[in-house]
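This report describes how the inside of one protein chain is packed. It covers the nonpolar cores, a cavity, one helix and some backbone angles.

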Amino acid sequence: RNSYTHDAILMEIRDIMRASPIVSDFILEPDIKSLFAKRHGFQKKREERYKVPDGLFQLKTKSKTRIVALELELSPKSKVRYSKMFRQLVLSPDFSLILFVAKDDQLLKVLEHALSQARAKDPIVRAWRQARGFYFALLQDILKDRTAALFQGEELAFSLDSLAAALAGKS
């Protein structure tokens, strides 16, 4: 991946999401690395013991404030890498929801299929289904619809706007 492009898009997503009244404390990968190293110890190799997401933020919902990991996917990865990534994401004590933003529809389908395969083949990923929610959105939708963009997964669909309206008692 071109890390400059990835980081520039990620900062744009952060700025869009920060506009929502239910999103707070949004931090990006360099700050997350530092935070996780303090919590879990320094890891010499990338994703050696834990997964550092691209973004991390607090999301206020009706029931509670959740910690959300954000992953921006601009290019497909190997099946092995996806399997390892999903396992690390479900085992992390640092967040309960994972939002994936995919570059295009084809990559979104690859991610959804990889999650389905991980749940089918990895008993740990399957067992954590209730504790970790995975939701997917298209990058173009976020850039166009901003906080009204839909995230879909776990048989649900929501936008930051719909969650904010529910919190305010408007739906």
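## Packing and backbone report

In this predicted model, Phe57 is in contact with Met17, Val23, Ser24, Asp25, Phe26, Arg66, Ile67, Val68, Leu70 and Leu99, leaving aside its neighbours within four places in sequence.

Apart from that core member's contacts, there is a second, separate core of 25 residues, and Leu56, Phe100, Leu107 and Leu138 are among its members.

The largest nonpolar core has 27 residues, and those that touch the most other members are Ile13, Met17, Phe57, Leu70, Leu99 and Phe151. At least two residues of this core come from each of α1 (3-18), β1 (23-28), β2 (55-60), β3 (65-73), β4 (97-102), β5 (133-138), α6 (139-145) and α7 (160-167). The largest share, 5 residues, is supplied by α1.

The count of cavities of 30 Å³ or more comes to 1. The largest cavity has a volume of about 40 Å³. Its lining is made up of Ile16, Met17, Ile142, Arg146, Thr147, Ala149, Phe151 and Leu160. By class, 6 of these lining residues are nonpolar, 1 is polar and 1 is charged. Met17 and Phe151 appear in this lining and also among the core residues that touch the most other members.

Leu160, a lining residue of the cavity, is buried in α7, as are Ala164 and Ala166. Seen down the axis of α7, the buried residues fall within an arc of 160 degrees, so they line one face of the helix. An α-helix has 3.6 residues a turn, so residues three or four places apart point the same way. The buried residues of α7 pack against α1, β1 and β2.

Three residues with positive phi are listed below.

| Residue | Phi | Place |
|---|---|---|
| Asp25 | near 50 degrees | in strand β1 |
| Arg146 | about 55 degrees | loop between α6 and β6 (151-153) |
| Gly169 | near 80 degrees | follows α7 |

Asp25 has its positive phi as a residue other than glycine, and Arg146 likewise is not a glycine. How accessible are Asp25 and Arg146? Asp25 counts as exposed because its relative accessibility is 51%, and the cut-off for exposed is over 50%. Arg146 has 43% relative accessibility, so it counts as partly exposed. Arg146 is also one of the residues that line the largest cavity, while Asp25 is among the contacts of Phe57.

Technical notes: Residues numbered from 1 in each chain as written. Predicted model: local features only at pLDDT ≥ 70, side-chain atom pairs only at ≥ 80, totals over all residues. Heavy atoms only, no water. Core = buried A, V, L, I, M, F, W, Y, C linked by side-chain atoms within 4.5 Å. Buried < 20%, exposed > 50% of the residue type's maximum accessible area, 1.4 Å probe, protein only. Helix = DSSP H or I, 4+ residues; strand = E, 2+ residues; numbered from the N terminus. Contact = heavy atoms within 4.5 Å. 1 Å grid on protein atoms, 1.4 Å probe; cavity = no way out; pocket = protein on both sides within 12 Å on 5 of 7 lines; lining within 4 Å. Points joined across faces, edges and corners; volume = space filled by probe spheres on them. Nonpolar A, V, L, I, M, F, W, Y, C, P; charged D, E, K, R; others polar. Arc of directions from axis to C-beta.
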